[in-house]
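Here's a quick briefing to keep beside the viewer while you click around. It goes through salt bridges, the sheet, the helices and the ligand site.

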Amino acid sequence: MPDDVETIKNEALKELESIGEVKRLDEWRVAYLGRSGRLTAVLRTLGALPLEERRALGQRANEAKTALEEALAQREGVIREQEMAQSVAAGRIDVTLPGRSAPLGRLHPSTQMVREICDAFVTMGFQVVEGPEVEWDYYNFEALNIPKDHPARDMWDTLWITPPSESERPMLLRTHTSPMQVRVMEKTRPPVRVVVPGKCYRYEATDATHESQFYQIEGLAVDENITFADLKGTLYQFAQRIFGQGRKVRFRCDYFPFVEPGVDMSIDCFFCEGSGCRICKDSGWIEIMGAGMVHPNVLRKVGYDPEVYTGFAFGMGPERIAMLKYGIDDIRLFYANDLRFLRQF
Ligand code: FA5
């Protein structure tokens, strides 16, 4: 004999009140209203009852079913609201807590120096261009007036990709940015005014002032009537801009096969103001770059008439300049990836 409808309904409502989670509501629904639920079992007996009893019991059972369904919907609403309130309380943001700072990257000191130097020339009307680090022997040497077997090749210890002994067209990692002089002139008619920052590579033992990979910045200006005075004036302005007003500059003869005359440029030592110290090796001067008037052979190679056009070129190492500017005593620090060093810039 199935349970009495009122008893089932009262028990179901009581149990429903004690439920506090949505997932348990379904268990409750199955237990009372599901196919084998207690109220459903009552409805199943109806067919066997006499008509009058069937009607009366059927009506009560249906009313009870409706009441339970409504109670279920209402209870579910209440529980869901409670759960939402709990989750909001648990995940509440405390706006008074200090924020977590996101670590910020910064530019590498070499990059900063390269940009500062390029900017100095851009304000004087130079354009910044870049070129390949893997280079043909032709651009790195031949076209710069350094033919095969020229002793000046020893000035640049070369990392070969295909050495001259193995190839008709030898390939290398550029040893300086000067090949870009040729590449730029091949593609442009004068006037030319460019600076070329870029990585260079040399097969050298490293020490405090030498790395096997380092930056250079090349400069080139070609036009009619360009003289050595233009070279001096331009590089003087550059030195004032990077090292401060009042710097003296000095030019002395030097040899590079692609310029004639060739010079090296020094500035007066700003550590000792020229009186002599460890940094300037007691000379009062610090050498910062090679320069000179573009050799007529180089102009001829790119189809410029050296009777019409003249130019000057220069090449410097930004890491060496950063070392001077910031008192860094070892160039290897630039590539050691030591954050204690890098974070200072
Ligand atoms: C040259 O490479 C010439 N191409 C420069 C030049 C250009 C002369 C145009 C005339 C006209 P040099 O080998 O001296 O020259 O190198 C130029 C600068 O590059 C040096 O003054 C130095 O600052 C930097 N440099 C050279 N070798 C190294 C190295 N191993 N490590 C770090 N910096 C270097």
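A salt bridge here is a side-chain nitrogen of Lys or Arg within 4 Å of a carboxyl oxygen of Asp or Glu. By that rule the count comes to 16 salt bridges. Bear in mind that this is a predicted model.

**Salt bridges**

- One of the 16 salt bridges is worth pulling up: Lys 325 pairs with Glu 116, and their closest N and O atoms are 2.6 Å apart.
- That pair links distant parts of the chain, with Lys 325 in helix α10 (residues 318-326) and Glu 116 in helix α5, 209 residues apart.

**The sheet**

- Seven strands make up an open sheet with mixed pairing, and their order is β1-β5-β6-β10-β9-β8-β7.
- At the edges sit β1 (127-128) and β7 (249-254), each of which pairs on one side only.
- Strands β5 (residues 192-201) and β6 (residues 213-224) run antiparallel and are joined by 10 bridges.
- If you want a spot to check the register of that pair, look at Val 195, which stands opposite Gly 219 in β6.
- Over at β7, six bridges join this strand to β8, again in an antiparallel arrangement.
- The connection from β7 to β8 is a hairpin through four residues.
- Across from Arg 252 you'll find Asp 264 in β8.

**Helices lying across the sheet**

- Helix α5 (residues 109-122) lies across β1, β5, β6 and β10 (309-316), and runs at about 10 degrees to β6.
- This is the helix that holds Glu 116, the partner of Lys 325 in α10.
- Helix α8 (residues 228-243) lies across β7, β8 (259-268), β9 (285-294) and β10, and runs at about 145 degrees to β9.
- Strand β10 is on both lists, lying under α5 as well as α8.

**The ligand site**

- Which residues come nearest to the ligand? Of the 24 around the ligand, they are His 176, Ser 178, Arg 202, Glu 204 and Glu 211.
- Arg 202 also has a polar contact: an N or O atom of the Arg 202 side chain is 3.0 Å from a ligand oxygen.
- The side chain of Trp 156 places an N or O atom 3.3 Å from an oxygen of the ligand.
- Gly 317 contributes through its backbone, with a polar atom 3.2 Å from a ligand oxygen.
- On its own the ligand has 670 Å² of accessible area, and the protein covers 92% of that.

Notes:
Residues numbered from 1 in each chain as written. Predicted model: local features only at pLDDT ≥ 70, side-chain atom pairs only at ≥ 80, totals over all residues. Heavy atoms only, no water. Pairing = 2+ DSSP bridges. Helix = DSSP H or I, 4+ residues; strand = E, 2+ residues; numbered from the N terminus. Contact = heavy atoms within 4.5 Å. Axes fitted to C-alpha atoms, helices over the stretch in contact; angles between N-to-C directions. Near = heavy atom within 4 Å. Polar contact = N/O pair within 3.5 Å; in protein donor to acceptor, adjacent residues only side chain to side chain. Areas by Shrake-Rupley, 256 points an atom, 1.4 Å probe, with all protein chains shown as cover.
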